[in-house]
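The following exercises ask the reader to inspect a structure and to reason from its geometry. Each task is followed by a solution in steps.

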Amino acid sequence: MATQSIKVDSKEFEVKQYDFPTQQIPRLNYQDPKAEKLIENGQPVILTGSDLVGSAYHWDLGYLCSNLGSGKYTVYSSPDGKFKYYDEKKLPQNKSFKPPTSNSEMSFQDFASKLRKRDSKEFIYLQQSLNDTVGKRIVMDFTNFNWGWANETQKRNRWGPLTSNLLLVGMEGVITPAHYDEQENLFAQIQGYKRFLLFDPNQFDCLYPYPIYHPHDRQSQVDFDAPDLKRFPNFANAKAHEAIVGPKDVLYLPMYWWHQVESLHGHGETISITFWYKAAPTVKVVYPLNDGQKIAIMRNIEKMIAEALNDNDSMPQFMKTMVLGRYT
Ligand SMILES: CCC[C@@H](CC(=O)O)C(=O)C(=O)O
Ligand SMILES: [Zn+2]
């Protein structure tokens, strides 16, 4: 895999090189009206100066070991460093599916000692919602997040409720492959550096998500390291937005925007916290529909057809019959 070195604020980063062109995601102060406008328009932006998780800037492995308590945390393990999400609820209807990662529950202390061993045979990635088993100093840090700004941003953009804060602690080199989420995300970086590759929702036809009933629903079928352009020809036209997200940065990651996230080598493990919000309710449908709305419509139609057929194996032929030669 070819790599390229990029410089950000006098820091050097080695990043994997892909064939698609990339443009930079803007970096703006969080109080800049241009930043607020980008968020309002559902465009990604890196916000500086918000101190959204300022009370957690001192979180490192040692501090978390001493203060996260003895609760169990979900730690994923992957042989190749890729952590493609899969929905366990869809396993029963996909008997032949082989999960690409395994996961286990362990104390943060056990996770940290595994990390320190740097057993390079496996990559590990802790992904856990912050819950009430954490120690009181973590609770205090959490309480002291910049909720005033977060709540104001949520209100100004008419987002729905905050659904979860996920704590992410990743080994250098872990990768979350390209996928989209159905929630708005304020992604706060505490330690280490993550390279984000984002794709506009209008690139849906370049990224070929798995069928809706598949455990990898919302994930791209394209292997960025070895794209199969016979099966996925339009991937050749993909265009990315790129950013290196470092400590104290907050990336606004709009709903339906595809993203691949790489924890970069040479800067230690990465610690991040997500703030996921339900979408703003559609008060009045305005035409032409935006790309996110079209994705929502496609998902609803796929769900309806899968339900009506009640036989996922007959879905591919049904969809071909409906589209090939008629809408192609
Ligand atoms: C489980 C969430 C992983 C995260 C990407 C990353 O930091 O590796 C992401 O996809 C998101 O925040 O939406
Ligand atoms: Zn995501």
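**Exercise 1.** Determine where P79 lies and whether P79 is buried or exposed.

Solution. Step 1: in this predicted model, P79 belongs to the loop that joins β6 (72-78) to β7 (102-107). Step 2: the relative accessible area of P79 is 62%. Step 3: the cut-off for an exposed residue is over 50%, so P79 is exposed. Step 4: leaving aside residues up to four places away in sequence, P79 touches P100, K121 and F123. Step 5: P79 and T143 are 64 residues apart along the chain, and their C-alpha atoms are separated by 37 Å.

**Exercise 2.** Identify which residues coordinate the zinc ion (ligand 2), and state where H179 and H259 lie in the chain.

Solution. Step 1: the coordinating atoms are NE2 of H179, OD of D181 and NE2 of H259, at 2.1 Å. Step 2: the sequence spacing of these donor residues is H-x1-D-x77-H. Step 3: H179 is in strand β11 (residues 175-179) and H259 is in strand β16 (residues 258-263), so that the pair, 80 residues apart, links distant parts of the chain. Step 4: both H179 and H259 are buried.

**Exercise 3.** Describe the region that the UniProt annotation "domain: JmjC" covers.

Solution. Step 1: according to the UniProt record, an unreviewed entry, the annotation covers residues 141-294. Step 2: over residues 141-294, helix makes up 14% of the chain and strand 33%. Step 3: the end C-alpha atoms of this stretch are 40 Å apart.

**Exercise 4.** Characterise the packing of α7 and α8.

Solution. Step 1: two packed helices are described by the angle between their axes and the distance between the axes. Step 2: α7 and helix α8 (residues 315-323) pack at an angle of about 120°, and their axes are 11 Å apart. Step 3: this angle makes α7 oblique to α8. Step 4: the crossing of α7 and α8 is right-handed. Step 5: at the contact, α7 supplies E302, I305, A306 and L309, which meet M315, F318, M319 and M322 of α8.

**Exercise 5.** Find the element that holds K303 and assign an exposure class to K303.

Solution. Step 1: K303 lies in helix α7 (residues 291-309). Step 2: the relative accessibility of K303 is 41%. Step 3: buried means under 20% and exposed over 50%, with partly exposed in between; K303 therefore counts as partly exposed. Step 4: the C-alpha atoms of K303 and S50 are separated by 39 Å, and the two residues are 253 residues apart along the chain.

**Exercise 6.** Examine the backbone at D9, N310 and the peptide bond from Y287 to P288.

Solution. Step 1: most residues other than glycine have a negative phi, and most peptide bonds are trans. Step 2: D9, although not a glycine, has a positive phi of about 45°. D9 is found in the loop between β1 (3-8) and β2 (11-16), and at 62% relative accessibility D9 counts as exposed. Step 3: N310 also has a positive phi, near 55°. N310 is placed in the loop between α7 and α8 and is exposed, with a relative accessible area of 67%. Step 4: the peptide bond from Y287 to P288 is cis, with omega near 0°. P288 lies in the loop between β17 (270-277) and α7.

Definitions and conventions: Residues numbered from 1 in each chain as written. Chains lettered and ligands numbered in written order. Predicted model: local features only at pLDDT ≥ 70, side-chain atom pairs only at ≥ 80, totals over all residues. Heavy atoms only, no water. UniProt positions renumbered as here; feature names shortened; annotations may be inferred. Helix = DSSP H or I, 4+ residues; strand = E, 2+ residues; numbered from the N terminus. Donors = N, O, S within 2.8 Å, 3.2 Å for Na, K, Ca; no water. Buried < 20%, exposed > 50% of the residue type's maximum accessible area, 1.4 Å probe, protein only. Axes fitted to C-alpha atoms, helices over the stretch in contact; angles between N-to-C directions. Parallel < 35°, antiparallel > 145°, perpendicular 65-115°, else oblique. Left-handed = near helix turned anticlockwise from the far one by under 90°. Contact = heavy atoms within 4.5 Å.
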